[in-house]
Amino acid sequence: MTNITWIEEAEERVKAGGTEIVLDLSSVPRIDAPMAQAMEGLAGRASGTIALKGVNVPVYKALKLLKLTERFLFI
Amino acid sequence: MPDKVSSLPGERIAYLDGLVRQGTTAAAVFTQFTQEDVDRIVKAVVLAGLEQAQYLARLAIEETRLGVLEDKALKNMVATEFVYDYVRNRRSVGVIREFPERGLVEMAEPIGLIFSITPVTNPTSTVLFKCIMALKTRNALLFGPHPKAWRCCREAIRIMHEAAVRHGAPEGVFTCVEAPTIPDNVYLMHHKDVRLIDATGGPGAVKAAYSSGKPSLGVGAGNTPVYLEKTAQLDMAVVDILTSKTFDNGTICASEQTLVIDDEIYDAVLEKFADLGAHICTERETAVLGQMVIDPGTRAMRPMAIGQKATDIASVCGLKVAPDTKLLITPLRGVGREHPLSVEKLFPVLSVYRAKSVEEALRVCVDLNHSGGLGHTAVIFSRNEEIIGQFSEAMNAGRIIVNSPGSIGALGGVYNDMVPTFSFGCGTGGGNSTTDNVNMYHYLNIKRVARRTQAHMWFRIPNQIYFNRNAVENLRQFSSRSTVIVTNPQLEQMGLVDLVRRALPPQTPVRVLAIPDAEPEVQVVLQGVEALNLQQADQIVALGGGSVIDAAKIMKLKYASPEADLEELAAPFLDIRKRAIQYPVGSVPVRLIAISTTSGTGSEVTPFAVLIDKERGRKVTLADYSLTPDVAIVDPQFVMSMPRGLTADTGIDCLTHALEAGVSIHASPFTDSNAMQAIQMTFQYLPEAYEDPRNEEARSMMHNAACIAALAFSNASVGVNHALAHAFGAKFRISHGKANALMLPHVLAYNAAVPSKFMPSPNQRAYVAHSKYAMMADLIGLGGATVAEKVERLVAATEALLDRLGIPRSIAELGISEEEFEQAMPEMVKNAYDDPSWRSNPRMPLVNELAELLWSAYRGRRTARVSGDTVWEEANV
C-alpha cells in the first residue's frame, strides 16, 4: 500500500527551490500512516505552494483530521 | 501540546506526545477503511487474542499476583470470542442501522484517538476487549495500564497490534505508555488530541477522567447485594454464587458481596455452602477478618487481600480453615461502618445476612446498594416473579442479574443476553454517564440522517349525514329507550321541537331540555348532565345552533365520562396527535344526533365545542373527535325562519371556516375540495338567503355550505381569524360570526403577505396561502391576472359581501371606544395567543401582529389593503 516515491520526488523539488508543486492524487484511493507523515513533513519544509489535485473525500477528511488541509492548496 | 501545563520532564512529554501523534495519525488513516477491511482485521485480532489467552493470563498472574490463572485465561477468551460474537455481524462503518418506516438512518463516525485506562484486576482481558471495540469502530487506542499491570498489558497490546497491522490496520493504531504514572495519565487526559477517555479503573482514575473536561466513559465501584429468596432453587443458587464469588478470586467488581437470605432457608443454605467447600466464620473470626481485610478509616479493602485465595487470606488473618476452603462466609448483623464486611470485597469473602421478611431483605439490599455500589450490579435468586419485580424496582443498578452468577452474569453473553463487556457503566449513581455494559456503540459517534416525514392525516366525519328538506324524517330509524332533546326555549316555541318529536320512532320516551340561547356555560352543561342521568338517556338530540349543539356535545362527554375534567381537557396543544391530554372513553353508551337550526357553525359535524369560562371572561375550545356527533341532520326547514342578522353572522362564520381551512397547514386534497365548494356556494347563495329569506334554494344551499365548510375545518382546523374572534368576541360579548367578519379581510391580507415568521409544517412543501387565495378568487370568477391581483380581488369581494350583509365596517362602529379597546388589548392578545385555533394558520402570528390585526379591525375594513405588504407573485400550489 505504502508508496511514497512521488512524495520523495516532491521533496527533491522542494529542496531544489521549487515553489509551485502540484501533486496529483487522483489515483490514490487512500493514504496510509507513512504517507500521511511524509505529507506532513513535505508541508513543513515547503516554502511555496503545494497543490493537491484529485483528492477524494475520504483522503481529504483524513488530511483534515491531521490538520493538514490548511497547508495545501486543493485543486 | 496538551492544554494543561504539566510537571512532567520534557523527555517524558516528548515521549507521550509521540504516542499521541502515532495514534492520531492512525486514527485519521483508519477513517478511510471500509466495513470489509475492518471486519477482516477484527477477525484476525480475535484469533490472535484467543491463541494467546493462556499466555497472557500467565503474564497477568506473574505481574499482578492477583487472581487465578485458569479464570484469567477464561476471561481472555470471553473478551475475544464472546465480544467477537457480539460485534461480528454488526455494522460499524457508514450506515449502521436503518429504520425505513421512520425515515431514519444511523451512520457511524469514528471518534479518533481514545485514551484508555485499564485495571490491575482484569488487565489483559480488558485490553483484548477494548482493542476489538476500537478496531471495529475505526478508532486508535493509547493505553495507560495500571502501573502494576503494564507489562502484561503491553504484551497484549503488542500481540493485538501486530495482528491488526498484518491484516491492514494503520501502524500505531494501538500504543501503550510504558512504566505509566499518574502524572502521565493526567497529561494524556488533558491532551488536545485525545478525543475520548475510557477509564476502566479505580475511582481516582475515573474522577480524573471526568474532571478533565474530555468526553469520558467511566466505571464505578460495586457492592453487589444478592437476595436469596426462599422460592429459589437452592442447589443452583449456591453453586452459582460459589462459582461467581471465587471466579478469579473475586476480582470482578460485579461479584457477589453480601448474601441476604430468607430466614426459612438460611441454615440450609449455609449448610450447602459448607458442603461445597465454604468456611462459615464464627462471630470472632468475622470480627478478625473485618479488622484485617478492611481499612477501618477509609472502609476500603486492604490491597493485600484483593484477588487472593480464601486459604491465604485465612492464613494471614490467623484463621484455621480446611486446606480446600474456597470461600470464607462471614455472617453480618447489619450494614454500615460498624459492620466492616458490608462493603465491597474483591476477594473470596462473602457476607451473609439472615432476613426475617421480604421487606427486611429488600431494605438490607437497598442499604448495601447505597453503601458503595450504586449503579453497579445486584443479584436475585427467586422463582417469585413479583419479588423479582420488587427487587428490581428497589435496586439502583445497571445490571440486575436473575438466577445466575453475578460476576460472569454481569459480563454479558454467557448466562444472559446482555452485551458482553469488561467495562460496567454505573450511571449517575456510580458517577458515570451510562448504566450500559460499555460496548462498540460507545466508541462511535452515531449520526442520524433524518428524512422528512409527512404527518399522518385524516378525514374524519360523522357516521351519517342526512341533508335536504325533510331529512329529519331519518330520525325514525333510531330507536331509543330514553331520548333527551336539548334545545332552547325559542325553538320550542317556534314548534321546531314538535317536528323532531314527530320524526322520532313512536313511543320513544322524550324529555325536552331547554337551555339559554347563548354559548354554554359550565353550569348549564352540568344541569344538562343531571337531566341525562335522571332520564337514563341513551340518545341526545341536539336541536339548535352552534351553542346548543356544543352544549349537547359537552353534556354527552360529562354524562358518558363523569370523571372528565373540562378544565384539563381544554389544555392547550400544538398537535392533536401528540397532545398531553387524552379524552376519556365514555362508559355510558349514548347516541348524539345534531340538527342544526343555523347555517354557519357546522357544529353538527365538528369535533369542537366552545364553552364559556365566565370566571376568566374567555372562551374555551374543546377539541376531540370523540365530541363529533354520531348523526348529523342538515334539513333546511329548520333554518327558514332564521332572522336576517343571524343569517349574515352565521353565513360569514361558514365563509371564515372555509377560507381558513383552505389555507390551513393541515389542509389536504380532502379538505380542499370541501373548503372550495363551500366558498363558492357561500359567495353565491349567502346574499340571496340574506336578502330573500324565503328563498328555499338559497337557504338549503347555505345550510349545506355550512356543513361542507365544517367538514373541511373539522379536519384542517381554522386559523388566526378564529383565535382573534374568540378573544375579541368573548371580551366584548360580540357574536362569533360578527367577530369573525370584523377580522376576516384583515386576516386574508395578513396571510397573503410574506410571513414575518413561517409556521413549521412537515406537510407543506411551500408557503401557499396566497396561491390558494388566488385559486379561490378564480373559483368564484373574480378575475385578475396575477396572484397579487387575485388576492386583492378576493379581499375586496369579501369586503363587498360584508357590506352587502350589513356587517359593521369596524370594531369602532360597534360603539367600543378606543380607550376601552386599548385597555382590553393585552388580555385579548394573551387569550388569542393561548387559543389553539391559530396553530394551523399558515403564517405564525407574532404577539405584536395579533395586536396589529386587532387594531386594524378596530380601525375598519378599508385599511385591510394587501398592497401594504408584499404579496407573493408565484403560484406554488
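Trainee: How much area is buried between chain B and chain A?

Mentor: First, the general idea. Interface size is often given as the accessible area lost when the parts come together. Now this case, which is a predicted model. About 1100 Å² is buried between chain B and chain A. Carbon and sulfur atoms give 56% of that area.

Trainee: Which residues of chain B lose the most area to chain A?

Mentor: They are B:T25, B:A28 and B:Q32. Together they make up 48% of what the chain B side buries.

Trainee: How many residues does the contact take from each chain?

Mentor: Chain B gives 13 residues, and chain A gives 14 residues.

Trainee: How many salt bridges are there between chain B and chain A?

Mentor: Look for a Lys or Arg side-chain nitrogen within 4 Å of an Asp or Glu carboxyl oxygen. Between chain B and chain A the count is 3. One salt bridge joins B:D193 to A:K67, at 3.2 Å from N to O. Over all chains, the count is 38 salt bridges.

Trainee: What does B:E264 form a salt bridge with?

Mentor: Its partner is B:K230, with the closest N and O atoms 3.9 Å apart. This pair links distant parts of the chain, 34 residues apart. B:E264 sits in helix α10, while B:K230 is in the loop between β8 and α9.

Trainee: Which residues gather in a patch of negative charge on the surface?

Mentor: B:E818, B:E819, B:E820 and B:E822 do. B:E822 lies in helix α28, residues 818–834 of chain B.

Notes
Residues are numbered from 1 along each chain as its sequence is written. Chains are lettered from A and ligands numbered from 1 in the order in which they are written. This is a predicted model: local features need pLDDT of at least 70, side-chain atom pairs count only at pLDDT 80 or more; totals for chains, interfaces and linings use all residues. Side-chain values use heavy atoms; hydrogens and water are left out. Patches are made of residues with over 30% relative accessible area and no salt bridge: like charges are joined within 9 Å, nonpolar side chains (Val, Leu, Ile, Met, Phe, Trp, Tyr) within 5 Å. Accessible areas come from the Shrake-Rupley method with a 1.4 Å probe; for residues, only the protein chains shown count as cover. Lys and Arg count as positive and Asp and Glu as negative; His and the chain ends are not counted. The place of a charge is taken as NZ of Lys, CZ of Arg, CG of Asp or CD of Glu. Helices (H or I, at least four residues) and strands (E, at least two) are DSSP runs, numbered from the N terminus. Contact means heavy atoms within 4.5 Å. Buried area is the accessible area (1.4 Å probe) that two parts lose on being put together, summed over both.
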